Amino acid sequence: MGRWQRPYSLDAATGFAMLGLVGVVGFATFLAIVYVRERPVPAPVAILVGAWLVVCAAVALRQAMLGVYVSAGGIRSRTLLHTTTVPWESVTAIQSGIATIAGLDMGRSAIIIERTDGAPVQTALQRGDLLRPFTFRPELGRLATWPEHYDEILATLRAHHRDEQPRHTGQTGGPARPRTGGAGTTSPSAGVGRTGVTRGGPTADQRRDIHALTRQHQRGALTDAEFAAALAKIQGTREG
């Protein structure tokens with residue numbers, strides 16, 4: 001399938017939080033080793049502490065690997081407990097839906113991968129809130145990022161999906177197309193409805209993609225040629 005990579009960078013708050021978690025686990029491990037070397041510790045206690053440190057290290061490592069990865073062959077979602085890989089030809093849409101845990105609404109949006117060969121995949125990428133620095137809630141198992149950064153990640157993943165569609169269309173004879181019931185089309189999301197395509201204007205998702213691309217271009221993350229090509233793809237999707 002080729003090399004897997006995250007096509008986006010983490011925001012500063014999320015990156016420092018992950019580094020902090022790894023640092024705390026490493027420091028706790030160092031203190032435990034120093035304490036054991038200087039004082040005798042009963043075997044059951046040593047085994048319990050060792051097991052706890054191993055679990056903490058595994059969780060910290062997995063937390064650092066959370067996110068969405070792409071390659072030439074498909075898209076991969078890594079959560080705390082699962083890794084799900086979906087080939088590009090099975091991806092129908094990448095969109096924003098309601099974030100849930102065990103069926104409970106978390107009050108956030110998450111990036112959802114819609115697929116033809118199974119249930120939608122909820123990724124660990126979630127839309128944070130502006131008051132996040134002033135609130136405390138556990139973030140294990142998910143990456144809550146700033147709203148604008150979330151929109152940019154969503155636009156980037158959609159651009160990768162659009163880029164891969166023509167190549168896989170030639171290989172498979174055509175991707176699965178959503179059913180239409182009239183002049184406009186409405187694509188279902190995981191709990192969030194999408195705006196139907198209307199004649200003469202972009203959808204809400206396309207406007208968000210254009211806004212995110214514009215911000216990336218203004219920051220210098222995209223060259224003029226890359227920005228023009230990505231914008232042309234979005235406009236071509238709208239016209240098609």
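This report describes the fold, nonpolar cores, salt bridges and selected surface features of a predicted protein model.

## Overall architecture

The protein contains five helices and seven strands. Along the sequence, these elements follow the order α-α-β-β-β-β-β-β-β-α-α-α.

Of the 240 residues in the protein, 35% are buried. The accessible surface amounts to about 14,000 Å², of which carbon and sulfur atoms supply 62%. When contacts between residues at least 6 apart in sequence are considered, 56% of them join residues at least 24 apart.

## Nonpolar cores

The largest nonpolar core has 19 residues, and the members that touch the most others are I75, V91, I94, I111, L125 and L157. At least two residues of this core come from each of the strands β1 (67–70), β4 (91–101), β5 (104–115) and β6 (121–127), and likewise from helix α3 (147–172). Helix α3 supplies the largest share, with four residues. A second core, separate from this one, consists of six residues, including L213, L222, F227 and I234.

The surroundings of V91 can be given in more detail. With neighbours within four places in sequence set aside, V91 is in contact with I75, V86, I113, E114 and H161. Of these partners, I75 is also listed with V91 among the core residues that touch the most other members.

## Salt bridges

Three salt bridges are found in the whole structure. One of them joins the side chains of R115 and D117, with an N to O distance of 2.9 Å. D117 is classed as partly exposed because its relative accessibility is 44%, a value that falls between the 20% limit for buried and the 50% limit for exposed residues.

Another salt bridge pairs D151 with R127, and their closest N and O atoms lie 2.8 Å apart. This pair connects distant parts of the chain, since D151 belongs to helix α3 and R127 to strand β6, 24 residues away. The two partners differ in burial class: D151 is buried, at a relative accessible area of 11%, whereas R127 is partly exposed, at 27%.

The remaining salt bridge is formed by D163 and K233, whose closest N and O atoms are 2.1 Å apart. Here too the pair links distant parts of the chain: D163 is in helix α3 and K233 in helix α5 (residues 224–239), with their positions 70 residues apart in sequence. D163 is partly exposed, with a relative accessible area of 39%, and K233 is likewise partly exposed, at 39%.

## Surface features

A nonpolar patch on the surface is formed by F27, F30, L31 and V34, which together present about 390 Å² of accessible area. F27 is located in helix α1, which spans residues 12–38. F27 counts as exposed because its relative accessible area is 52%, and the class of exposed residues begins over 50%.

G107 is a further exposed residue, with a relative accessibility of 68%, and has its place in strand β5. The C-alpha atoms of G107 and R127 are 9.7 Å apart in space, while the two residues are 20 apart in sequence. R127 is also the salt-bridge partner of D151.

Terms used:
Residues are numbered from 1 along each chain as its sequence is written. This is a predicted model: local features need pLDDT of at least 70, side-chain atom pairs count only at pLDDT 80 or more; totals for chains, interfaces and linings use all residues. Side-chain values use heavy atoms; hydrogens and water are left out. Patches are made of residues with over 30% relative accessible area and no salt bridge: like charges are joined within 9 Å, nonpolar side chains (Val, Leu, Ile, Met, Phe, Trp, Tyr) within 5 Å. Accessible areas come from the Shrake-Rupley method with a 1.4 Å probe; for residues, only the protein chains shown count as cover. A salt bridge is a side-chain nitrogen of Lys or Arg within 4 Å of a carboxyl oxygen of Asp or Glu. Buried means under 20% relative accessible area, exposed over 50%, partly exposed in between (1.4 Å probe, protein chains only). A nonpolar core is a set of buried Ala, Val, Leu, Ile, Met, Phe, Trp, Tyr and Cys residues joined through side-chain atoms within 4.5 Å. Contact means heavy atoms within 4.5 Å.
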